[in-house]
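Hi everyone, thanks for making time this morning. I'd like to walk you through one protein chain, so please have a look at it with me.

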Amino acid sequence: MTLKVPVPFEYVFPAGALCLGVSPQVDFERRGEADNQARDKETGERVWVVRVMDLDPEAGKFGRSTEVKVKVVAAHQPVPPASTVPGYPPAVQFEGLTLTPYVDSQRCKPGRSSGECRSRMAYSLRATAMGPAAVAAASAAA
């Protein structure tokens with residue numbers, strides 16, 4: 001069983017988030033099939049990847065990217081709202097947001113001693129829905 005910690009949107013994105021795009025999550029075990037989209041293990045619903053830009057000024061520090069991926073479990077592809085500022089991506093927020101911590105051991109190479117392993121603590125984000133940013137969050141960021 002995977003630990004899923006419910007978190008308020010404002011905790012993860014205190015300054016808000018802009019939607020950069022939505023695409024289906026590919027299930028690499030089903031690569032040869034016509035429909036190779038990943039399904040949620042608990043509900044069987046499709047998994048969509050929403051790329052967002054974290055508007056928190058602290059997000060880009062220490063080499064961390066401001067782009068974050070949030071997986072949305074839904075029967076149909078989430079549609080970003082219309083942008084309120086022409087030329088800019090739309091501001092969005094997520095409902096049913098959960099955080100799943102895990103150890104990212106991709107930086108550990110076989111043959112290295114345990115003192116040289118560069119594994120790190122990481123997390124993934126999931127949500128049940130995406131919608132337009134709340135007016136209160138937008139005015140708080142201004």
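Let me start with a small puzzle: is Arg 51 buried, partly exposed or exposed? Arg 51 is partly exposed, because its relative accessible area is 31%, and buried would need under 20%. Please keep in mind that this is a predicted model, and that goes for everything I show today. I'll come back to Arg 51 in a few minutes, once we have the sheet in view.

So, the overall layout. The protein chain has two helices and eight strands. If you follow the sequence, the order of elements reads β-α-β-β-β-β-β-β-β-α. The eight strands come together in an open sheet with mixed pairing, and the order across the sheet is E1-E6-E7-E4-E3-E2-E5-E8. At the edges sit strand E1 (5-6) and strand E8 (129-132), each of which pairs on one side only.

A few totals for the chain. There are 142 residues, and 28% of them are buried. About 9500 Å² of the protein chain is exposed, with carbon and sulfur atoms supplying 55% of that area. If we take contacts with a separation of 6 or more, 66% of them are between residues 24 or more positions apart.

Now let's go into the sheet, beginning with strand E2. Strand E2, residues 17-24, runs antiparallel to strand E3, residues 47-54, and seven bridges join the two. One place to look is Pro 24, which stands opposite Trp 48 in E3. E2 also pairs in the antiparallel sense with strand E5, residues 91-95, this time over two bridges. There, Leu 18 has Ala 91 of E5 as its bridge partner.

Let's move to the other pairing of E3. Strand E4, residues 67-73, is antiparallel to E3, again with seven bridges. Val 50 and Val 70 in E4 are bridge partners here.

This brings us back to Arg 51, as promised. The side chain of Arg 51 forms a salt bridge with that of Glu 67, at 3.2 Å from N to O. This pair links distant parts of the chain, since Arg 51 is in strand E3 and Glu 67 is in strand E4, 16 residues apart. And what about the exposure of Glu 67? Glu 67 is partly exposed, because its relative accessibility is 37%.

While we're on charges, a general reminder: side chains of opposite charge can pair when their charged atoms come close. In this model the count is six salt bridges. Another of them joins Arg 30 and Glu 33, at 3.1 Å from N to O. Arg 30 has a relative accessible area of 21%, so it counts as partly exposed. Glu 33, at 43%, is partly exposed as well.

Then there is Asp 35, whose side chain meets that of Arg 39 in a salt bridge at 2.7 Å, N to O. Asp 35 is partly exposed at 28% relative accessible area, and Arg 39 is partly exposed with a relative accessibility of 28%. Add Arg 46, and you have a network of salt bridges that links Asp 35, Arg 39 and Arg 46.

Arg 39 leads us to another spot, Val 26. Val 26 lies in the loop between E2 and E3. The C-alpha atoms of Val 26 and Arg 39 are 9.1 Å apart, with their positions 13 residues apart along the chain. Beyond its neighbours within four places in sequence, Val 26 is in contact with Asn 36 and Ala 38. Its relative accessible area of 32% makes Val 26 partly exposed.

Two more stops before we finish. On the surface, Leu 20, Met 53 and Leu 55 form a nonpolar patch, with about 200 Å² of accessible area together. Met 53 belongs to strand E3, and at 31% relative accessible area Met 53 is partly exposed.

The last stop is Gln 93, in strand E5. Which atom does its side chain reach at 3.0 Å? The side chain of Gln 93 reaches the backbone nitrogen of Ala 134 at that distance. Setting aside neighbours within four places in sequence, the contacts of Gln 93 include Phe 9, Ala 129, Met 130 and Gly 131.

That's my tour, and I'm happy to go back to any of these spots on screen.

Notes
Residues numbered from 1 in each chain as written. Predicted model: local features only at pLDDT ≥ 70, side-chain atom pairs only at ≥ 80, totals over all residues. Heavy atoms only, no water. Pairing = 2+ DSSP bridges. Helix = DSSP H or I, 4+ residues; strand = E, 2+ residues; numbered from the N terminus. Polar contact = N/O pair within 3.5 Å; in protein donor to acceptor, adjacent residues only side chain to side chain. Contact = heavy atoms within 4.5 Å. Patch = residues over 30% accessible without salt bridge, like charges linked within 9 Å, V, L, I, M, F, W, Y side chains within 5 Å. Areas by Shrake-Rupley, 256 points an atom, 1.4 Å probe, with all protein chains shown as cover. Salt bridge = Lys/Arg side-chain N within 4 Å of Asp/Glu carboxyl O. Buried < 20%, exposed > 50% of the residue type's maximum accessible area, 1.4 Å probe, protein only.
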